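Please open the model in your viewer and keep the selection tool at hand. The stops below go from the packed interior to the pockets and then to the cysteines.

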Amino acid sequence: MTAPHQWTAQECVVKVGQRSIQATEVAAHFIERVTRINPSINALVQFRPDDVLRQAREVDARIDAGEHLPMAGVAVTVKDNLWVEAYTVTQGSRLFKDFVAPRDAWVVQRLRALGAVVLGITNCSEFACKGATDNLVYGTTRHPADLKRTPGGSSGGAVAALASGLGLLALGTDAGGSVRRPAAHTALVGYKPSQGLVPNPWGFGEPNYGVSVVGLLAKNVADCAWFFDQVGDFDASDASAPPLPVDWQALQCSVRAPSKDVRIAWSPRLGCGFAIDADIRLAIEQVVDRLASAGWNVAQADPPWGESVSAYPMDALQHAGLHALHGRALQAATTEIDPHLKAQIESGALKSASDRASVLRARDRIQRDLGTFFSSFDLLLCPTVPVIPWDNTSIAPTRVEGRTAGLRDHAVFTPLFNLCGVPACSVPVATVRGFPVGLQIVAPRFQDPLVFAFAGLMERLLARSSTV
């Protein structure tokens, strides 16, 4: 008999809903695992067993009263930059070490209403603005498969917890790949929805305004798509919400296979010359070749955005946003901020209005270029990460594809899709040097069902090939 941490989230709902197991029993199982496993990986940084059991008892009472709960008993972790009422939520920053959330974030509120149980708060880099997960409040989160390596970031605590069986689903945030890249490093499915489809109308000020979204993490595509169906909604109080509600749920995207008429582009460097380790590229290309051999319409093609995106083009806005939010605090408490974030904030102070306007114009060009590309293709496939996880004492790998790497060279394949507001999913497709790597699946905005349908196809294709 399998244990609760080995179930899918949907299996948990069935078992708890049919009363073959109590939500309190599921909660007790995860409490034991967190108590035993978490100290070695430092994934959960706020954990209250008594509160977890209290939530589970409430779920059991609601079911016994005849209430239907679509997420009954599912243990979910929440990243340390999303509010959880009455919990300390710090954004990984000493500036917020005493902040107690006055209410739940919209998505946490939705989870509770559906019967999910918040297992705890997971670690993130300060203000979710680094590609590794460490901070001055809680320290370093370690990769479950190798404690000397990072799981990536900024949602490193979320993936380390889920990959270790500490919960069945995880909430993160993604402003430039902070869910997708760590998912790729830990063999999880990481999803960035179309901008505005998972509301986030209140909470902390967002330095990456207009590009950050609530991201979803699961152990398989079906659970991730189901998760999205539970929390996706329209809320007019969210400034990033689409102008009209989008009805994606009726499409049953987690179970429908896509049509073979789908036009698929494979872009190994995104048309920007991005570096990628040769063995990672080869492993992913072999998967893409297998797709073509199975009769799918795959062509190698690059989006036409050219030299303007040879480097991450939105750093100026992130740095300016950080300075606007935290510049005064830096002056008063300079030693309380991660030196890497301090450098970003100081850089933001130097950005002129003209600098920011130029970046916003570049964003318009990037969106237009990707839109043009999607007039010829329905899906874009590309790597999620160009490297395997690196030493957790370093903010970034020192080399990529044999070249000396900058601080963001490990993160180049994901941010452009945040700028464009389009859906993007990382699916584990191969193992390289003992670590997983992911394929990223991208579609036009609001084509989230197509992304999930194709992600499910890739998962099934790889599962079939592994049994041959």
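Begin by selecting Leu270 in this predicted model, and display the residues around Leu270: leaving aside those up to four places away in sequence, Leu270 touches Asp302, Pro303, Trp305, Leu380, Cys382, Phe413, Leu416 and Phe417. Two of these names, Leu270 and Phe417, return at the next stop, where they stand with Leu171, Ile441 and Phe454 as the residues with the most contacts inside the largest nonpolar core, a set of 128 residues. To see which element gives the most to this core, select helix α13, residues 448-467, which contributes nine residues. In general, nonpolar side chains in soluble globular proteins tend to be buried together.

Next, select Ala158, Val159, Leu162 and Leu217, which are among the eight residues of a second core, separate from the one just visited.

Now turn to the pockets. Select Asn200, Phe204, Glu206, Tyr209 and Ser212, which lie nearest the centre of the largest pocket, whose lining is made up of 33 residues. If you then colour strands β6 (169-174) and β8 (213-218), you will have marked the elements that give two or more residues to the lining of this pocket. The volume of the largest pocket is about 540 Å³, and its lining, when coloured by class, shows 14 nonpolar, 15 polar and four charged residues.

For the second largest pocket, with a volume of about 250 Å³, select Cys129, Gln344, Ile395, Leu407 and Arg408, the closest to its centre among the 14 residues that line it. Helices α9 (315-332) and α10 (339-349) each supply at least two residues of this lining, which by class comprises five nonpolar, six polar and three charged residues.

The last stop concerns the cysteines. How many disulfides does the structure hold? The structure holds zero, and two cysteines are worth selecting in turn to look at this. Cys224 is buried, with a relative accessible area of 0%, and the closest cysteine sulfur to its own is that of Cys425, at 5.5 Å; the two are not bonded because this distance is too far for a bond, the cut-off for a disulfide being 2.5 Å. Cys420 is likewise in no disulfide, and the nearest cysteine sulfur, in Cys272, is 11 Å away; Cys420 is also buried, with a relative accessible area of 12%.

Conventions
Residues numbered from 1 in each chain as written. Predicted model: local features only at pLDDT ≥ 70, side-chain atom pairs only at ≥ 80, totals over all residues. Heavy atoms only, no water. 1 Å grid on protein atoms, 1.4 Å probe; cavity = no way out; pocket = protein on both sides within 12 Å on 5 of 7 lines; lining within 4 Å. Points joined across faces, edges and corners; volume = space filled by probe spheres on them. Helix = DSSP H or I, 4+ residues; strand = E, 2+ residues; numbered from the N terminus. Nonpolar A, V, L, I, M, F, W, Y, C, P; charged D, E, K, R; others polar. Buried < 20%, exposed > 50% of the residue type's maximum accessible area, 1.4 Å probe, protein only. Core = buried A, V, L, I, M, F, W, Y, C linked by side-chain atoms within 4.5 Å. Contact = heavy atoms within 4.5 Å.
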